[in-house]
Amino acid sequence: SSKGTLIGSIVFELHNALLSSVFNYYDALAARGNIEENDYVRSIEYLEYQNSLNASKLVRKGVEQSIFPSDAHLPIYASFEEYYYFQQLGGHSARIAENYRQLAPAPQ
C-alpha cells in the first residue's frame with residue numbers, strides 16, 4: 001500500500017469511529033434479537049457507504065489542497081446498491097453477517 005492509500009483508509013476508519021455509538025446500537029439490536037440478519041448487514045453496510053462518501057469528500061479536499069498525495073482518493077460508487085453489491089461480492093457483507101451471528105441469541 002502506498003502512503004496515499006494508507007491515508008485514505010485511515011480517514012475512512014476515523015469516520016467509522018465517529019459513528020461507533022450507531023454501530024453499537026445495531027449490535028445491541030442483534031444481541032437482543034430485535035433485528036434480522038439481512039437488515040443488520042444492510043444497515044451496517046449503509047453506514048459504511050455513507051462514511052465512504054464523507055471520507056472521500058474530505059480526502060478529495062486534502063488532495064486539492066496538496067495536503068494528501070493524489071493516490072489518497074477513495075473509490076466512489078454510483079449508488080448504495082452498487083456499493084452493497086461489491087461488498088457482497090468481496091466478502092465484506094459475509095464478515096458483517098458472521099458478526100451478527102456471534103451477537104444474536106441462539107435460535108430456539
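**Close-up views of the pocket, salt bridges and surface residues**

**Figure 1. Lining of the largest pocket.** Helix 1 contributes three residues to the lining of the largest pocket, the most from any element. The model shown here and in the following views is predicted. The pocket has a volume of about 300 Å³. Its lining consists of Ser9, Phe12, Glu13, Glu48, Ser52, Leu74, Pro75, Tyr77, Tyr83, Gln87 and His92. Two or more of these residues come from each of helix 1 (3-18), helix 3 (37-64) and helix 4 (80-90). Sorted by class, the lining holds five nonpolar, four polar and two charged residues.

**Figure 2. Overall arrangement of the helices.** The protein has five helices and zero strands. Read from the N terminus, the order of elements is α-α-α-α-α. The C-alpha trace spans about 55 × 25 × 25 Å along its principal axes. The protein has 108 residues, of which 37% count as buried. This view gives the setting for the close-ups of single residues and pairs below.

**Figure 3. Salt bridge between Arg101 and Glu37.** Three salt bridges are counted in the model. In one of them, Arg101 pairs with Glu37, and the closest N and O atoms are 2.7 Å apart. Arg101 lies in helix 5 (residues 92-103) and Glu37 in helix 3, so this pair ties together parts that are 64 residues apart in sequence. Arg101 counts as partly exposed because its relative accessibility is 44%, a value between the 20% and 50% limits. Glu37 is also partly exposed, at 25% relative accessibility.

**Figure 4. Salt bridge between Arg101 and Glu98, and the network it completes.** The side chain of Arg101 also meets that of Glu98 in a salt bridge, with an N to O distance of 3.3 Å. Arg101 and Glu98 are three residues apart in helix 5, so about one helical turn separates them. Glu98 has a relative accessibility of 36% and therefore counts as partly exposed. Through shared partners, salt bridges join Glu37, Glu98 and Arg101 into one network. The network thus includes the contact of Arg101 with Glu37 as well as the contact of Arg101 with Glu98.

**Figure 5. Salt bridge between Arg42 and Glu81.** Arg42 and Glu81 form a salt bridge through their side chains, with N and O 2.3 Å apart. Arg42 belongs to helix 3 and Glu81 to helix 4, and the pair links distant parts of the chain, 39 residues apart. Arg42 is partly exposed, at 32% relative accessibility. Glu81 is likewise partly exposed, and its relative accessible area is 44%.

**Figure 6. Nonpolar patch on the surface.** Leu6, Ile10 and Leu14 form a nonpolar patch on the surface. Together, these residues have about 290 Å² of accessible area. Leu14 is part of helix 1, the element that also gives the most residues to the lining of the largest pocket. Leu14 has 53% relative accessibility and so counts as exposed, the limit being over 50%.

**Figure 7. Ser66 in the loop between helix 3 and helix 4.** Ser66 is placed in the loop that runs between helix 3 and helix 4. The phi angle of Ser66 is near 60 degrees, a positive value in a residue other than glycine. Ser66 is exposed, since its relative accessible area is 64% and exposed residues have over 50%. The helices on either side of this loop, helix 3 and helix 4, are also the helices linked by the salt bridge of Arg42 with Glu81.

**Figure 8. Gln102 and Ala30.** Gln102 is located in helix 5. The C-alpha atoms of Gln102 and Ala30 are 9.1 Å apart in space, whereas the two residues are 72 residues apart in sequence. Gln102 counts as exposed, because its relative accessible area of 60% is over the 50% limit. Helix 5 also holds Arg101 and Glu98, the pair shown in Figure 4.

Notes
Residues numbered from 1 in each chain as written. Predicted model: local features only at pLDDT ≥ 70, side-chain atom pairs only at ≥ 80, totals over all residues. Heavy atoms only, no water. 1 Å grid on protein atoms, 1.4 Å probe; cavity = no way out; pocket = protein on both sides within 12 Å on 5 of 7 lines; lining within 4 Å. Points joined across faces, edges and corners; volume = space filled by probe spheres on them. Nonpolar A, V, L, I, M, F, W, Y, C, P; charged D, E, K, R; others polar. Patch = residues over 30% accessible without salt bridge, like charges linked within 9 Å, V, L, I, M, F, W, Y side chains within 5 Å. Areas by Shrake-Rupley, 256 points an atom, 1.4 Å probe, with all protein chains shown as cover. Salt bridge = Lys/Arg side-chain N within 4 Å of Asp/Glu carboxyl O. Buried < 20%, exposed > 50% of the residue type's maximum accessible area, 1.4 Å probe, protein only.
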